[in-house]
Amino acid sequence: MKKSRKLFLWLILIFSGLVLLRLAVSGKLTEKRATMRGAVDKVTVKITQPKREDLDLVVSYVGGLKAKDEVSVFSKVAGKLYEYKVNEGDKVEKGQVIGLVDRDETGLTYELAKVESPIPGVVGRTLLDKGATVLPSGASVVSGTPLAIIVNMDEMLVKLNIPEPDIPYIKNGLKASLKVDSYPEESFEGKISKVSEVVEPSTRTLPIEISIPNQGYRLKSGMFCRINIIASKIENALVLPQDALVRELGANYVFTVQDHTAKKKKVSLGAQEDSRVQILDGVSEGDNIIIFGQQGLKDGSAVEAVEE
């Protein structure tokens, strides 16, 4: 009897020990798995801090280039084109003969009529074939037949219509920077040369002109261009790279990092210049802002931050 009770007690002790051992092992495994899971879930991100910098307020537009002086050349008499005396791309002086018109009529003989350039410049285009009918300007409802286009390409113009919200920033003499697809790595510098005093009532826009020196005649009439006008300078602006921004439902956000946790914050933007943007509200100097790895993050995500 005593022997059976002792055996029973030993069995209880062994069973209890096994249970405790299993619980201890299970707890360590759970802790280890949790640690491993936390390590796996942590996202590595790159951070920077907002900086105080001067920022140019830039307004941007698109437009088309044209030569400052560009005229269509007409004959003074009717007839047929006898020949051109110049080729496209040739430089011409004011009064230089660019073509001859045969105005012979039945039973009459005339000298060939000279067609002269009204301005100095370059022959932009010749428009007719030899023998084509020529009508003088104002001779018909189609206002005559132009023989050629002469352009003075020393200076190029861009004509723009400025929307009302931008009018306070626009004035004569402001610098403008232009880019064209033909020279994607270059910028061409110009300035505002004319600002109208009257807003177009139908479009509520203000007509202006930008003048651009054209050394080497690389800019051509008709080219599409993108224009940035430096309207003013903002001093000591709080600035972040545009890469920091996350746009959702029309609002702008950034992610900050606090204690290895990503915090989503709404920000208000000011002026933008190239890859930099002014922050008006939402973050402060010294905040750690994620600039790489924030896409797909959620508020509260675990992160491992690396300085830029």
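The side chain of Asn152 reaches the backbone nitrogen of Asp154, at 3.2 Å. That distance comes from a predicted model, so read it, and everything that follows, as a property of the prediction. Asn152 itself sits in strand β9, which covers residues 146-163. Is Asn152 buried or exposed? Its relative accessible area is 17%, and since the cut-off for buried is under 20%, Asn152 counts as buried. As for the company it keeps, once residues up to four places away in sequence are set aside, Asn152 touches Ala67, Lys68 and Asp69, and also Ile119, Pro120 and Gly121.

Gly121 is a handy stepping stone to the strand pairing around here. Gly121 is the bridge partner, in β7, of Val92. The strands behind that bridge are β4 (residues 91-92) and β7 (residues 121-126), which pair in the antiparallel sense over two bridges. From β7 you can walk on to β9, the strand of Asn152: β7 and β9 run antiparallel and are joined by four bridges. One of the residue pairs to look for is Thr126 with its bridge partner in β9, Ala148.

Just ahead of β9 comes a loop, the one between β8 (133-134) and β9, and Thr145 is found in it. With a relative accessible area of 15%, Thr145 is buried too. Leaving out neighbours within four places in sequence, Thr145 is in contact with Val73, Phe74, Leu128, Thr133, Val134 and Leu135.

The strand β8 that starts this loop also belongs to a sheet. Four strands make up an open sheet in the order β6-β5-β3-β8, with antiparallel pairing. β6 and β8 have a single partner strand each, so they stand at the edges and one side of each is left without a neighbour in the sheet. Inside that order, β3 (residues 79-84) and β5 (residues 97-102) pair in the antiparallel sense over four bridges. To find the register on screen, use Tyr84, whose bridge partner in β5 is Gly99. If you follow side chains along strands like these, keep in mind that in a regular strand they alternate between the two faces of the sheet.

The edge strand β6 leads on to a pocket. The second largest pocket holds about 170 Å³ of space, and its lining is made of Val73, Phe74, Ser75, Lys76, Lys114, Val115, Glu116 and Pro118. Two elements give two or more residues to that lining, namely β2 and β6 (113-116). Of the two, β6 supplies the largest share, three residues. By class, the lining has four nonpolar, one polar and three charged residues. Val73 and Phe74 may look familiar: they are among the contacts of Thr145.

What about the largest pocket? Its volume is about 200 Å³. The residues around it are Asp56, Val58, Ser60, Ser177, Asn228, Ile230, Gln242, Gln272, Glu273 and Asp274. Which strands do the lining work? At least two residues each come from β2 (51-74), β13 (224-241) and β16 (261-273), and β2 gives the most, with three. The chemical make-up of this lining is two nonpolar, five polar and three charged residues.

Asp56 is a good residue to click on in that lining. Asp56 lies in strand β2, and at a relative accessible area of 15% it is buried. Apart from neighbours within four places in sequence, the contacts of Asp56 are Ile230, Ser232, Lys233, Gln272 and Glu273. Among these, Ile230, Gln272 and Glu273 also appear in the lining of the largest pocket. Ser232 is a long way off along the chain: 176 residues separate it from Asp56 in sequence, while their C-alpha atoms are 5.9 Å apart in space.

Now zoom out to the chain as a whole. Among contacts between residues at least 6 apart in sequence, 70% join residues at least 24 apart; the pair of Asp56 and Ser232, with its 176-residue separation, is one example of a long jump. The secondary structure comes to one helix and 19 strands. Of the chain's 308 residues, 32% count as buried, and Asn152, Thr145 and Asp56 are among them.

Conventions:
Residues are numbered from 1 along each chain as its sequence is written. This is a predicted model: local features need pLDDT of at least 70, side-chain atom pairs count only at pLDDT 80 or more; totals for chains, interfaces and linings use all residues. Side-chain values use heavy atoms; hydrogens and water are left out. Buried means under 20% relative accessible area, exposed over 50%, partly exposed in between (1.4 Å probe, protein chains only). A polar contact is a pair of N or O atoms within 3.5 Å; within protein, one must be able to donate a hydrogen and the other to accept it, and residues adjacent in sequence count only if both atoms are side-chain atoms. Contact means heavy atoms within 4.5 Å. On a 1 Å grid over the protein atoms alone, a cavity is a set of points where a 1.4 Å probe fits but cannot get out, and a pocket is an open set with protein on both sides within 12 Å along at least five of seven lines; lining residues have an atom within 4 Å of a point. Grid points are joined across faces, edges and corners, and a volume is the space filled by probe spheres set on the points. Ala, Val, Leu, Ile, Met, Phe, Trp, Tyr, Cys and Pro count as nonpolar, Asp, Glu, Lys and Arg as charged, and the others, Gly among them, as polar. Two strands pair if DSSP finds at least two bridges between them.
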